[in-house]
Amino acid sequence: MSVNLLRRGVPGAQALAQVHRRSRGAHDVDEWGLDPELVALANPVFALRWDIEVRGAEQLPAVGGAVLVFNRRFGVSEPWVVARGIRQATGRFVRTVGVPDVAPVGPFIRRFGGVLDRTDEIAGLLRAGQLVGLPMSRDLRSRERVGHLDVERLEAAIETGAPVVPVALVGRELGRAWTIVVGEPVPPVADGGPLAAAELAESTHRAAQILLDESLPTSWWF
Amino acid sequence: MRVLITGMGGELGTRVANLMEADESVTEIMGMDLFPPRRRIFRSEFHRVEPTDRRKAVHLVRDFDPEVILHLGVFEPHSRTSPSEARRGTAASAVSVLGAAAKCPSLQAIVVRSGIEVYGRARGAATRPDESVPIQPTSPFGQSLAHVEQVATEAGDVAGVPVTALRFAPIVGPSIPSPLGRYLRLPVVSVDPLSELPFSLLHQEDAGLAMVAAATARHDGPLNVVGPGAVTASQAVRMGRRIPLPVFGPGWWAAGAIAELQGAPLPAHSRELLTRGCTADGTLARTVLGVEPRTTHDVVTQLYRWATLAHPEPSNQVTPR
């Protein structure tokens with residue numbers, strides 16, 4: 001019956017078919033807890049909340065892992081905005097780092113792609129060819145400055161050889177319009193060694209700051 | 001090659017023995033266990049040994065002088081024995097057999113059955129650990145497996161041979177006694193939809209193939225052997241057309257007691273798996289061993305198909321031609 005409704009193009013038939021599939025447990029959940037069908041079902045709700053423009057999405061690899069380093073101010077909307085915006089632009093899921101491992105919040109956010117803030121967790125995702133969203137620290141005082149970047153987390157990118165891509169987010173926490181600007185991947189540190197992660201973090205921080213400076217409107221009111 | 005298989009009486013041990021018997025490079029096979037083999041063995045020699053009978057185990061191992069040890073003498077709580085017996089048996093078996101093997105002059109490799117339960121599911125623990133993640137078991141079964149790995153490593157160091165610890169995902173199969181398999185096949189299954197995380201499983205046949213491949217791979221270190229993909233407990237229950245019963249916090253005690261009354265006691269590591277998930281990165285094992293396990297989805301699907309197996313009553317009537 002669901003198939004017939006789908007063939008006839010009845011509105012809501014696809015969602016109905018998805019709900020039916022879920023009731024039989026025939027949907028996919030990956031090892032980290034991402035549920036792509038649930039994300040698709042929640043799409044209309046996300047569309048009401050955020051209107052996202054993405055620039056420079058072609059900088060992201062079509063396949064394989066990459067670390068997307070993004071700024072945040074309060075940090076509530078930003079992980080969702082990055083995940084939704086990049087998925088709309090590229091069709092790929094972004095696994096945003098920083099989910100609390102406490103039920104029921106943690107497992108709920110994991111269904112939408114969130115992952116724990118651990119270097120080995122990030123390395124595992126990169127080896128599996130996933131895009132990882134790594135937030136910089138919060139900067140509540142100014143929206144014009146990017147926060148600090150945890151050097152240890154970038155060791156996962158060095159270990160797996162995944163590119164590190166700076167991303168600037170421009171938008172207001174209570175607003176609907178957001179802009180994501182994806183920069184060029186930061187060149188990998190050639191010689192490796194103990195300083196490699198620190199130098200990569202420094203280059204990424206600088207690149208993200210420049211990208212944010214260029215992305216911010218000259219006057220916020222316009 | 002002379003191969004010693006401990007735990008030969010179990011479903012997995014018997015299957016490994018049959019697979020080794022089919023290998024012509026294996027000249028002699030000796031098996032030990034508390035229980036007799038589950039199926040017919042053809043050219044293996046079996047000895048029934050209590051896990052706590054150290055003197056007999058040491059004597060047999062030294063007399064046989066194995067080249068390869070496949071240590072499957074691990075007892076899962078509520079699988080065929082009680083949790084306390086399982087813990088004592090696993091520890092005693094590992095110490096006596098691996099300790100004796102360390103002094104055998106012909107020994108070339110040790111392979112032990114472990115599990116991904118050794119990584120533990122403490123708050124903030126890695127969701128999908130690879131072999132480089134330090135172990136931190138949080139269940140009694142995980143601690144037992146970690147002890148087996150530790151004893152095997154010590155024995156390997158003494159003997160100067162590689163030790164492969166195969167960290168299996170929970171093994172489920174058509175005839176293997178598994179507390180998780182029994183629990184998931186109950187008509188009404190308690191689940192925690194608000195906190196559950198995905199888990200991975202391994203088919204018993206893939207576990208056997210991995211064990212046999214490890215005997216010749218001579219890999220030194222742990223290997224995660226995991227069926228690709230994962231499912232949540234609620235999803236598995238719905239796949240089996242069972243009734244999921246949402247349970248939270250202390251309700252698990254009641255759920256565990258009711259399950260036990262129905263003949264499916266839920267050990268601590270299985271409950272941890274249902275609420276906190278349990279999976280691992282099995283990429284390295286697939287490369288080293290060349291074994292491609294069935295997906296977790298397939299293992300769960302088959303778990304519920306076994307319920308429909310027909311058991312015809314024996315009949316003396318002869319069908320007329």
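**Domains, sheets and helix packing in chains A and B**

Chain A is divided into two parts, domain 1 covering residues 1–30 and domain 2 covering residues 42–215. The model described here is predicted. Taken over C-alpha atoms, the centres of domain 1 and domain 2 of chain A are separated by 32 Å.

An open sheet of six strands is found in chain A, with the strand order S1-S6-S5-S2-S4-S3 and mixed pairing. Its edges are formed by S1 and by strand S3 (94–96) of chain A, each of which pairs on one side only. On average, and with direction ignored, neighbouring strands of this sheet are turned by 25 degrees against each other.

The pairings within the sheet of chain A can be followed from one edge. Strand S1 (residues 51–55) of chain A runs parallel to strand S6 (residues 177–182) of chain A, and five bridges join the two. In this pair, Asp51(A) stands opposite Ala177(A) of S6(A). S6(A) also pairs with strand S5 (residues 164–171) of chain A, here in the antiparallel sense and again over five bridges. Ala168(A) is placed opposite Val181(A) in S6(A). S5(A) and S6(A) form a hairpin, with five residues between them. At the other edge, S3(A) is joined by three bridges to strand S4 (residues 131–135) of chain A, and these two strands run parallel. Thr96(A) stands opposite Gly133(A) in S4(A).

Two helices that pack on this sheet are described next. Helix H4 (residues 78–90) of chain A touches S1, strand S2 (66–70), S3, S4, S5 and S6 of chain A, and its direction makes about 65 degrees with that of S1(A). Helix H8 (residues 196–215) of chain A also packs on the sheet, where it touches S2, S5 and S6 of chain A. The direction of H8(A) makes about 35 degrees with that of S5(A).

Chain B contains an open sheet of seven strands in the order S3-S2-S1-S4-S5-S6-S10, and the pairing is parallel. Strand S3 (44–48) and strand S10 (221–225) of chain B are the edge strands, each pairing on one side only. Neighbouring strands of the sheet in chain B are turned by 20 degrees against each other on average, direction ignored. At one edge, strand S6 (residues 163–168) of chain B pairs with S10(B) in the parallel sense over five bridges. Arg167(B) stands opposite Asn224(B) in S10(B).

The sheet of chain B is likewise packed against by helices. H3(B) touches strand S1 (2–6), strand S4 (68–71) and strand S5 (109–115) of chain B, and the direction of H3(B) makes about 175 degrees with that of S4(B). Helix H6 (residues 204–217) of chain B touches S1, S4, S5, S6 and S10 of chain B. The direction of H6(B) makes about 165 degrees with that of S6(B).

H3(B) is also in contact with other helices of chain B. Helix H2 (residues 54–64) of chain B packs with helix H3 (residues 83–101) of chain B at an angle of about 35 degrees, the axes being 8 Å apart. The crossing of H2(B) with H3(B) is right-handed. On the side of H2(B), the contact is made by Arg54(B), Ala57(B), Val58(B), Val61(B) and Arg62(B), and on the side of H3(B) by Ala92(B), Ser96(B), Val97(B), Ala100(B) and Ala101(B). By class, seven nonpolar, one polar and two charged residues take part in this contact.

The axes of H3(B) and helix H4 (residues 140–159) of chain B come within 9 Å and cross at roughly 5 degrees. H3(B) and H4(B) are therefore roughly parallel to each other, since angles under 35 degrees count as such. Residues of H3(B) in this contact include Pro83(B), Arg87(B), Thr90(B) and Leu98(B), and those of H4(B) include Pro140(B), Ser144(B), His147(B) and Val151(B). The contact of H3(B) with H4(B) has eleven nonpolar, four polar and one charged residues.

Between the two chains, 18 residues of chain A are in contact with 24 residues of chain B. Helix H6 (residues 119–127) of chain A supplies four residues, the largest share of the side of chain A that touches chain B. The residues on this side of chain A divide into six nonpolar, four polar and eight charged.

Methods. Residues are numbered from 1 along each chain as its sequence is written. Chains are lettered from A and ligands numbered from 1 in the order in which they are written. This is a predicted model: local features need pLDDT of at least 70, side-chain atom pairs count only at pLDDT 80 or more; totals for chains, interfaces and linings use all residues. Two residues are in contact if their C-beta atoms, placed from the backbone, lie within 7 Å. Ala, Val, Leu, Ile, Met, Phe, Trp, Tyr, Cys and Pro count as nonpolar, Asp, Glu, Lys and Arg as charged, and the others, Gly among them, as polar. Axes are lines fitted to C-alpha atoms, for helices over the stretch in contact, and angles run from 0 to 180 degrees between N-to-C directions. A crossing is left-handed if the near helix is turned anticlockwise from the far one by less than a right angle, and right-handed if clockwise. Two strands pair if DSSP finds at least two bridges between them. Domain bounds come from an automatic or database domain assignment. Angles under 35 degrees count as roughly parallel, over 145 as roughly antiparallel, 65 to 115 as roughly perpendicular and the rest as oblique.
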